[in-house]
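Thanks for sharing this one. Here are a few notes to read alongside the structure.

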Amino acid sequence: MKPLETLLQNAARSKFRIVLSEGADPRAVEAALAAQKDGIAKMILVGPKAEITAELSAQDAPTDHGVRIEDPCQSDLLPELANLYYELRSHKGINAEEALKAAQTPHVFAALLVKSGHADGTVGGAVATTADIVRAAIQVIGPAPGSTLISSFFLMLFCASHHEKKGAYVFADSGLVVDPNADEMAQIAVSSAASFEALTGETPRVAMLSFSTHGSAKHESVSKVVMATEKARNANPRLLIDGELQFDAAFDAGVAKKKAELSPLKGEANVFIFPNLESGNIAYKIAQRLGGATAIGPILQGLAKPANDLSRGCTSEDILHMIAVTAAQASAQLAT
């Protein structure tokens, strides 16, 4: 699991403050304690203080565990954060009383901690729905400068003994944008390349996927991928990208020689951009369930500061990995 080990080690050097918005959940508490102990991040648990304290005790947390607890209903920061929410949402008709109530919602409170600079990133979704987590991220944290699209990706780790090609890959968008047009697909490609480099330190090699390779089929959906590829090249001329490509021509050097001999990727792509959410979501689940890949995500990109979603079936280990990803994203954004 070298890519994952590298990610955890890099996060351990960052010391960023990461918030878990479902702080009383046993999985969140276990992950927070592990992250704090291993130096992956400085952890903040958001939720009812009594419940979090009880769970820490149930897990035999040492008295010097170092995890910070923020109860949205009791926090000294509540007036500041409620006022911030009012400033952000008053144009939508939110009044001061409604802002105070919203700020006491754990995932909104967590996003406000990040927006206000009291934390560097937030993770939630072990209990709350994806819609709730993403809505809070977009409404409170907002898009990064120059970003017009919030998208997502999965970091796929192929590290088992049966994997002939080992390493880290990005699958996008596999969790959020349902049917991107050419402009949106190009933005997803550029963002995903930057995300891959930030998380792995490796050079991104981007494949724009289709059921066609270099004109082998004609269809409007193929034309969209061709157009998106050109738009991504124009947006970042230094980007190593090719499309349209079938997955085997993007992944397998032998197939690439036959199907896409002139492709600059040479069958060595590590960032795969799918034409729609349907294909991306199916692909990552097949790779995970049949292929035995470790899937971390969905990881959000395009936000001003990191905020990430979890599966409600996640384990404490899944949360720990997402904490490391969020810390790495915060580090990358600070560097830029």
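**Notes on the cavities and the sheet**

1. The largest cavity has a volume of about 60 Å³. Please keep in mind that this is a predicted model. In total, two cavities of 30 Å³ or more are found in the structure.

2. Which elements supply at least two residues each to the lining of the largest cavity? They are helix H6 (106–115), strand E4 (121–124), helix H7 (130–141) and strand E11 (307–309). Among the lining residues are Ser21, His107, Thr122, Ile133 and Asn308. By type, the lining of this cavity has seven nonpolar residues, five polar and no charged.

3. The second largest cavity holds about 30 Å³ of space. Its lining is made up of Leu20, Glu22, Ala28, Val123, Ala126, Leu310 and Ile319. Here the split is six nonpolar, no polar and one charged.

4. Turning to the sheet, six strands make up an open sheet with mixed pairing, in the order E8-E7-E9-E6-E5-E10. Strand E8 (240–245) and strand E10 (294–301) are at the edges with a single partner strand each, so one side of each has no neighbour in the sheet. From one strand to the next, the twist averages 20°.

5. Inside this order, strand E7 (residues 205–209) pairs with strand E9 (residues 271–273) in the parallel sense, over three bridges. Val206 is opposite Val271 in E9.

6. Two helices are worth a look here. Helix H9 (residues 220–235) packs on the sheet and touches E7 and E8, with its direction at about 170° to that of E8. Helix H12 (residues 277–289) lies across strand E5 (151–158), strand E6 (167–172) and E10, and runs at about 20° to E5.

Methods. Residues are numbered from 1 along each chain as its sequence is written. This is a predicted model: local features need pLDDT of at least 70, side-chain atom pairs count only at pLDDT 80 or more; totals for chains, interfaces and linings use all residues. Side-chain values use heavy atoms; hydrogens and water are left out. On a 1 Å grid over the protein atoms alone, a cavity is a set of points where a 1.4 Å probe fits but cannot get out, and a pocket is an open set with protein on both sides within 12 Å along at least five of seven lines; lining residues have an atom within 4 Å of a point. Grid points are joined across faces, edges and corners, and a volume is the space filled by probe spheres set on the points. Helices (H or I, at least four residues) and strands (E, at least two) are DSSP runs, numbered from the N terminus. Ala, Val, Leu, Ile, Met, Phe, Trp, Tyr, Cys and Pro count as nonpolar, Asp, Glu, Lys and Arg as charged, and the others, Gly among them, as polar. Two strands pair if DSSP finds at least two bridges between them. Axes are lines fitted to C-alpha atoms, for helices over the stretch in contact, and angles run from 0 to 180 degrees between N-to-C directions. Contact means heavy atoms within 4.5 Å.
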